[in-house]
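Me: Could you take a close look at one part of this structure for me? I'd like to hear about the nonpolar core and what sits around it.

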Amino acid sequence: MLHRVVTLERQVFDFLGYQWAPILANFLHILAVILGLFGVLQFRPRYLGLYAVWTVLWLTWNIFLICFYLEVGGLSKDSDVLTLHASIHRSWWRENGPGCRVTPVEPPPGRESRGLAYISVPGCLLEYQYLEVAHAGLHIVLALMGFVYACYLINAFTEEEDSFDFIGGFDSYPTSYQAPQKPSSLQLQPMYM
């Protein structure tokens with residue numbers, strides 16, 4: 001339940017920031033969580049396996065987000081990668097973080113504004129990239145817990161399937177007991193050619 005709530009909260013703030021790549025990833029994650037829940041409720045280990053594979057991809061995505069916002073390995077938080085180069089928007093937290101005050105500033109000389117507003121965001125209690133990193137870190141913790149739980153349930157469900165007695169209860173008798181044999185009127189003999 002917590003996993004869905006945190007993902008929906010993240011989806012809302014990514015929509016507010018017009019970040020299309022995270023919106024798509026969050027949508028796929030919501031579908032995978034629903035499929036995983038269906039697998040738990042319907043005892044479907046294959047759906048849980050799909051969820052477990054998705055959590056590995058989700059972990060990778062969130063590690064990428066942490067590297068992106070902390071500018072690790074040549075990544076820049078000011079690039080248009082998360083908006084899929086479709087808009088110039090950034091994280092919603094950039095201008096609306098705790099304590100932030102947006103103030104317009106004049107564009108640098110020689111640069112045309114092209115309808116863009118140059119702003120300064122002083123006074124933030126916590127920089128937006130650290131809020132995004134905290135979100136991604138929380139998703140990593142939840143995904144790790146989900147992965148471990150999914151693997152446990154897959155194991156439990158497949159053990160239950162293997163322990164089912166298809167024959168009809170003969171396994172519960174002592175080993176000295178032999179099930180009655182049906183007499184056969186047709187006796188099979190080896191065939192030599």
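Reply: Here's a walk through the core, then the helical spans and one buried threonine. Keep in mind that this is a predicted model, where local features need pLDDT of at least 70, side-chain atom pairs count only at pLDDT 80 or more, and totals for chains, interfaces and linings use all residues. Residues are numbered from 1 along each chain as its sequence is written, and side-chain values use heavy atoms, with hydrogens and water left out.

The largest nonpolar core holds 19 residues, and W58, W61, L65, Y69, L82 and W93 have the most contacts inside it. By nonpolar core I mean a set of buried Ala, Val, Leu, Ile, Met, Phe, Trp, Tyr and Cys residues joined through side-chain atoms within 4.5 Å. Two or more residues each come from α2 (20–41), α3 (45–69) and α5 (128–162), with α3 giving the most, at 7. Helices here are DSSP runs (H or I, at least four residues), strands are E runs of at least two, and both are numbered from the N terminus.

Zooming in on Y69, its contacts (heavy atoms within 4.5 Å) include L82, Y128 and V133, leaving aside residues up to four places away in sequence.

UniProt's unreviewed entry lists 20–41, 48–72 and 136–154 as "transmembrane region"; such annotations may be inferred rather than shown by experiment. In the model, residues 20–41 are 100% helix, with end C-alpha atoms 32 Å apart. Residues 48–72 are 88% helix, and their end C-alpha atoms lie 33 Å apart.

Lastly, T7 lies in helix α1 (residues 2–16). T7 counts as buried because its relative accessibility is 1%, where buried means under 20% relative accessible area, exposed over 50% and partly exposed in between (1.4 Å probe, protein chains only). Not counting residues up to four places away in sequence, T7 touches N26, H29, I30 and H139.
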